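I opened the notebook today to follow one residue outward into its surroundings. Here is what I looked up, in order.

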Amino acid sequence: MNYNAVQKDNGKIMLDLRPLILALIRRAWKIALVTIACALIAFAGAKASITPMYRSSFQVYASIDGKTDEKTLQPMVELATSDAVLQNADSRIDSTYSIDQLKGMVSASLDEDENGLMTVSVTMANPEDAATIAQTIRDNMQVQISFTISSGAMELLDEPTEPTKPYSPDYNRYGLIGAAIGFLVTVLYILIKELFDRRVNKISELEKQFGLPILGTIPNLKAE
């Protein structure tokens, strides 16, 4: 054990944090270097391995019998991901998806204020296809609402457009996680190494540990 950090007082083992803090300060450059390296590795790894996803959305004002509360509008939310609306939603793009695959890409949610605002989103790897499918779903919803929901009304508030930036993942977040892991691992390594370092680096360490004066030392002839 490090003689400066771990001391004995009346049979009790006491931990002095000052030598440990000094050890961290002396090796601050190493901590910073490993932290930056881990952040860059995590960021680059996420970029190389995780496919960016794009989201195209549109908003509508929905109501059933003039009501806009969540319970009343639940059929409208379900309509957005129904088989009738998603049928042939991919007809205007080159790729072909099953109904189940499309349901995994489409989401619909109501505004928390229960004001009738509903957002329908399509999330997929191709931004152009996401916008095209969102536009098709919008058109299909306008057709199907009159057949499936009596007294239902839907007013389009905005058009789905092709996204220019990925919706997910957040590559910067992966970089921060990598930096945090690199920082913690390096700090723990330095602290553990310092605690279990049994080498004597200073005469004062022996005097402090045993409470006796040092009568003499043997010089390091190789160093001279």
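First a definition: I call a residue buried under 20% relative accessible area, exposed over 50% and partly exposed in between, using a 1.4 Å probe and protein chains only. The model is predicted, so I note that local features need pLDDT of at least 70, side-chain atom pairs count only at pLDDT 80 or more, and totals for chains, interfaces and linings use all residues. Residues are numbered from 1 along each chain as its sequence is written, and side-chain values use heavy atoms, leaving out hydrogens and water.

Entry one: the residue. Is Ser63 buried or exposed? I find Ser63 buried, because its relative accessible area is 11%. Ser63 belongs to strand β3, residues 54–64 (strands are DSSP runs of E, at least two residues; helices are runs of H or I, at least four; both are numbered from the N terminus). Beyond its neighbours within four places in sequence, Ser63 has contacts (heavy atoms within 4.5 Å) with Thr68, Leu73, Met76, Ser151, Gly152 and Ala153.

Entry two: the sheet. I read the order β4-β5-β3-β6 in an open sheet of four strands with antiparallel pairing (two strands pair if DSSP finds at least two bridges between them). Why do β4 and β6 each have one side without a neighbour in the sheet? β4 (106–110) and β6 (152–156) stand at the edges with a single partner strand each, so one side stays free of a neighbour there. Antiparallel β3 and β6 are joined by five bridges. Ile64 has Gly152 in β6 as its bridge partner.

Entry three: a helix. I see α3 (residues 70–80) packing on the sheet, where this helix touches β3, β4, β5 (117–124) and β6. The directions of α3 and β3 make about 135 degrees (axes are lines fitted to C-alpha atoms, for helices over the stretch in contact, with angles from 0 to 180 degrees between N-to-C directions).
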